[in-house]
Amino acid sequence: VLNSGWLQAEDGRIDVHAAAVRQQGQVHAGGARGGEVLLQAGSGRLTQLGEVSARGTQGSGGQIQLLGREVVVDGQAQIDASGATGGGEILVGGGLQGKDARVPNARAVFFGSEATARADALQQGQGGTVVLWSDEATRAYGHFSARGGAHGGAGGLVETSGGWLDARPASMRVDAARGAAGTWRIDPY
(Lines give C-alpha, C1' and ligand atoms only; values in the text may rest on other atoms or scores of the structure.)
Protein backbone atom coordinates (compact mmCIF):
# COMPACT_ATOMS: atom_id res chain seq x y z
CA VAL A 1 0.00 0.00 0.00
CA LEU A 2 1.25 3.47 -0.91
CA ASN A 3 -0.48 6.54 0.51
CA SER A 4 0.64 9.83 -1.01
CA GLY A 5 -2.71 11.56 -0.44
CA TRP A 6 -5.01 12.31 2.47
CA LEU A 7 -6.87 9.87 4.74
CA GLN A 8 -9.22 11.42 7.30
CA ALA A 9 -11.66 10.04 9.90
CA GLU A 10 -12.49 12.74 12.44
CA ASP A 11 -12.70 11.22 15.94
CA GLY A 12 -12.56 7.85 14.16
CA ARG A 13 -10.24 5.03 13.25
CA ILE A 14 -7.99 4.47 10.24
CA ASP A 15 -6.50 1.01 9.57
CA VAL A 16 -4.03 0.31 6.77
CA HIS A 17 -2.76 -3.28 6.44
CA ALA A 18 -0.52 -4.82 3.78
CA ALA A 19 2.66 -6.85 3.38
CA ALA A 20 4.45 -3.51 2.91
CA VAL A 21 3.19 0.01 3.67
CA ARG A 22 4.68 3.32 2.52
CA GLN A 23 2.95 6.31 4.10
CA GLN A 24 4.16 9.60 2.65
CA GLY A 25 0.88 11.51 2.70
CA GLN A 26 -1.35 12.67 5.55
CA VAL A 27 -3.37 10.45 7.88
CA HIS A 28 -5.65 12.26 10.35
CA ALA A 29 -7.96 10.63 12.90
CA GLY A 30 -8.12 13.54 15.33
CA GLY A 31 -10.95 15.81 16.34
CA ALA A 32 -12.53 16.77 19.64
CA ARG A 33 -11.04 13.59 21.03
CA GLY A 34 -8.09 11.79 19.53
CA GLY A 35 -8.90 8.92 17.21
CA GLU A 36 -6.96 5.78 16.34
CA VAL A 37 -4.49 5.07 13.53
CA LEU A 38 -3.03 1.66 12.77
CA LEU A 39 -0.49 1.30 9.96
CA GLN A 40 0.72 -2.30 9.79
CA ALA A 41 3.06 -4.04 7.37
CA GLY A 42 2.57 -7.64 8.45
CA SER A 43 5.67 -9.41 7.20
CA GLY A 44 7.45 -6.51 5.53
CA ARG A 45 8.53 -2.92 5.96
CA LEU A 46 6.46 0.02 7.13
CA THR A 47 7.93 3.31 5.93
CA GLN A 48 6.49 6.48 7.47
CA LEU A 49 7.60 9.69 5.75
CA GLY A 50 4.47 11.82 6.02
CA GLU A 51 2.14 13.06 8.74
CA VAL A 52 0.10 10.86 11.08
CA SER A 53 -2.16 12.56 13.62
CA ALA A 54 -4.62 11.50 16.32
CA ARG A 55 -4.80 14.85 18.14
CA GLY A 56 -7.58 15.65 20.59
CA THR A 57 -8.60 19.32 20.44
CA GLN A 58 -10.89 19.04 23.50
CA GLY A 59 -10.01 15.69 25.08
CA SER A 60 -6.90 13.58 25.31
CA GLY A 61 -4.77 12.48 22.40
CA GLY A 62 -5.53 9.23 20.61
CA GLN A 63 -3.55 6.16 19.69
CA ILE A 64 -1.10 5.64 16.82
CA GLN A 65 0.50 2.29 16.04
CA LEU A 66 3.21 1.91 13.38
CA LEU A 67 3.96 -1.80 13.09
CA GLY A 68 5.78 -4.22 10.81
CA ARG A 69 8.75 -6.55 10.64
CA GLU A 70 10.84 -3.45 9.95
CA VAL A 71 9.65 0.09 10.76
CA VAL A 72 11.31 3.16 9.25
CA VAL A 73 10.29 6.68 10.28
CA ASP A 74 12.41 9.10 8.30
CA GLY A 75 12.64 12.44 6.55
CA GLN A 76 10.49 15.11 8.19
CA ALA A 77 7.86 12.61 9.33
CA GLN A 78 5.42 13.88 11.95
CA ILE A 79 3.59 11.60 14.40
CA ASP A 80 1.25 13.45 16.78
CA ALA A 81 -1.03 12.01 19.49
CA SER A 82 -1.20 15.16 21.60
CA GLY A 83 -4.38 16.30 23.32
CA ALA A 84 -5.82 19.23 25.22
CA THR A 85 -6.36 17.20 28.43
CA GLY A 86 -3.57 14.63 28.10
CA GLY A 87 -1.17 12.98 25.72
CA GLY A 88 -2.10 9.83 23.84
CA GLU A 89 -0.10 6.75 22.90
CA ILE A 90 2.37 6.20 20.06
CA LEU A 91 3.75 2.69 19.50
CA VAL A 92 6.52 2.32 16.90
CA GLY A 93 7.56 -1.30 16.39
CA GLY A 94 5.97 -2.66 19.58
CA GLY A 95 4.73 -1.88 23.07
CA LEU A 96 6.34 -1.16 26.42
CA GLN A 97 9.48 -3.28 26.93
CA GLY A 98 8.35 -5.47 24.04
CA LYS A 99 5.78 -7.14 26.32
CA ASP A 100 2.52 -5.67 25.01
CA ALA A 101 0.38 -8.61 23.83
CA ARG A 102 -1.83 -6.24 21.79
CA VAL A 103 0.87 -5.67 19.17
CA PRO A 104 3.53 -7.72 17.36
CA ASN A 105 7.15 -6.69 17.84
CA ALA A 106 9.31 -5.44 14.99
CA ARG A 107 12.67 -6.97 14.17
CA ALA A 108 14.20 -3.52 13.54
CA VAL A 109 13.20 0.15 14.01
CA PHE A 110 14.87 3.23 12.54
CA PHE A 111 13.71 6.72 13.59
CA GLY A 112 15.55 9.43 11.65
CA SER A 113 17.02 12.64 13.05
CA GLU A 114 14.46 15.00 11.44
CA ALA A 115 11.38 12.94 12.35
CA THR A 116 9.13 13.86 15.30
CA ALA A 117 6.88 11.91 17.69
CA ARG A 118 4.68 13.93 20.09
CA ALA A 119 2.23 12.80 22.78
CA ASP A 120 1.94 16.05 24.73
CA ALA A 121 -0.75 17.35 27.04
CA LEU A 122 -1.42 20.71 25.44
CA GLN A 123 -3.38 22.48 28.19
CA GLN A 124 -3.74 20.44 31.36
CA GLY A 125 -3.03 16.79 32.05
CA GLN A 126 -0.31 14.19 31.92
CA GLY A 127 1.99 13.69 28.99
CA GLY A 128 1.35 10.53 26.99
CA THR A 129 3.45 7.54 25.98
CA VAL A 130 5.87 7.14 23.06
CA VAL A 131 7.49 3.72 22.57
CA LEU A 132 10.13 2.61 20.08
CA TRP A 133 10.76 -1.12 20.34
CA SER A 134 12.40 -3.81 18.25
CA ASP A 135 13.61 -7.28 19.13
CA GLU A 136 16.94 -6.93 17.31
CA ALA A 137 18.01 -3.33 16.52
CA THR A 138 16.54 0.07 17.41
CA ARG A 139 18.05 3.33 16.17
CA ALA A 140 16.44 6.44 17.71
CA TYR A 141 17.77 9.76 16.39
CA GLY A 142 14.70 12.00 16.13
CA HIS A 143 12.66 14.40 18.24
CA PHE A 144 10.54 12.87 21.02
CA SER A 145 8.06 14.62 23.29
CA ALA A 146 5.59 13.56 26.02
CA ARG A 147 5.25 16.82 27.95
CA GLY A 148 2.85 17.64 30.76
CA GLY A 149 0.23 20.33 30.26
CA ALA A 150 1.10 24.03 30.39
CA HIS A 151 -1.48 24.57 33.16
CA GLY A 152 -0.70 21.43 35.18
CA GLY A 153 0.10 17.75 34.85
CA ALA A 154 3.16 15.51 34.95
CA GLY A 155 5.41 14.58 32.09
CA GLY A 156 4.82 11.30 30.28
CA LEU A 157 6.97 8.37 29.17
CA VAL A 158 9.27 7.92 26.19
CA GLU A 159 10.87 4.50 25.73
CA THR A 160 13.66 3.86 23.23
CA SER A 161 14.51 0.18 23.64
CA GLY A 162 15.44 -2.95 21.78
CA GLY A 163 17.77 -5.90 21.58
CA TRP A 164 20.56 -3.65 20.32
CA LEU A 165 20.15 0.10 20.81
CA ASP A 166 21.62 3.31 19.41
CA ALA A 167 19.70 6.15 21.08
CA ARG A 168 21.03 9.62 20.26
CA PRO A 169 17.86 11.69 19.95
CA ALA A 170 17.93 15.17 18.43
CA SER A 171 15.67 16.21 21.33
CA MET A 172 13.91 14.52 24.24
CA ARG A 173 11.13 16.31 26.21
CA VAL A 174 9.30 14.69 29.12
CA ASP A 175 9.16 17.84 31.21
CA ALA A 176 6.15 19.57 32.75
CA ALA A 177 5.69 23.30 33.34
CA ARG A 178 3.59 22.73 36.48
CA GLY A 179 4.18 19.13 37.47
CA ALA A 180 6.72 16.37 37.94
CA ALA A 181 9.00 15.44 35.07
CA GLY A 182 8.32 12.25 33.17
CA THR A 183 10.60 9.34 32.23
CA TRP A 184 12.91 8.42 29.36
CA ARG A 185 13.35 4.63 29.51
CA ILE A 186 16.41 3.12 27.81
CA ASP A 187 16.33 -0.67 27.87
CA PRO A 188 18.70 -2.64 25.63
CA TYR A 189 19.58 -6.24 26.38
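In this predicted model, the largest nonpolar core has 34 residues, and the residues with the most contacts inside this core are Ile-64, Leu-66, Val-73 and Ile-90. At least two residues of the core come from each of S3, strand S6 (36–48), strand S8 (63–73), strand S10 (89–92), strand S11 (106–111) and strand S13 (129–140). Apart from this core lies another one, made of six residues, among them Leu-38, Leu-91, Val-103 and Trp-133.

Ile-90 shows what surrounds one of the core residues: leaving aside residues up to four places away in sequence, Ile-90 touches Ile-64, Ile-79, Ala-81, Ala-117, Arg-118, Ala-119, Thr-129, Val-130 and Val-131.

**The sheet**

Seven strands form an open sheet with parallel pairing, and their order across the sheet is S2-S5-S7-S9-S12-S14-S16. Strand S2 (6–8) and strand S16 (171–173) stand at the edges, and because each has a single partner strand, one side of each is left without a neighbour in the sheet. From one strand to the next, the twist averages 0°.

The pairing at the S16 edge can be followed in detail, since S14 and S16 run parallel and are joined by three bridges. Within this pair, Phe-144 stands opposite Met-172 in S16.

**Two buried residues**

Two residues, Ser-145 and Val-16, are set side by side in the table, each with the strand that holds the residue and the relative accessible area.

| Residue | Strand | Relative accessible area |
|---|---|---|
| Ser-145 | S14 (residues 143–145) | 8%, buried |
| Val-16 | S3 (residues 13–18) | 12%, buried |

Ser-145 counts as buried because the relative accessible area of this residue, 8%, falls under the 20% cut-off. When residues up to four places away in sequence are not counted, Ser-145 touches Ala-117, Arg-118, Ala-119, Asp-120, Val-130 and Arg-173. Among these contacts of Ser-145, Ala-117, Arg-118, Ala-119 and Val-130 are also touched by Ile-90.

Val-16 is likewise buried, at 12% relative accessibility, and lies in strand S3, which is one of the strands that supply at least two residues of the 34-residue core. With residues up to four places away in sequence again left out, Val-16 touches Val-1, Leu-7, Val-21, Leu-38, Leu-39 and Gln-40; of these, Leu-38 is named among the residues of the six-residue core. Val-16 and Leu-66 are 50 residues apart in sequence, and from C-alpha to C-alpha they are 9.9 Å apart in space.

Terms used
Residues numbered from 1 in each chain as written. Predicted model: local features only at pLDDT ≥ 70, side-chain atom pairs only at ≥ 80, totals over all residues. Heavy atoms only, no water. Helix = DSSP H or I, 4+ residues; strand = E, 2+ residues; numbered from the N terminus. Buried < 20%, exposed > 50% of the residue type's maximum accessible area, 1.4 Å probe, protein only. Contact = heavy atoms within 4.5 Å. Pairing = 2+ DSSP bridges. Axes fitted to C-alpha atoms, helices over the stretch in contact; angles between N-to-C directions. Core = buried A, V, L, I, M, F, W, Y, C linked by side-chain atoms within 4.5 Å.
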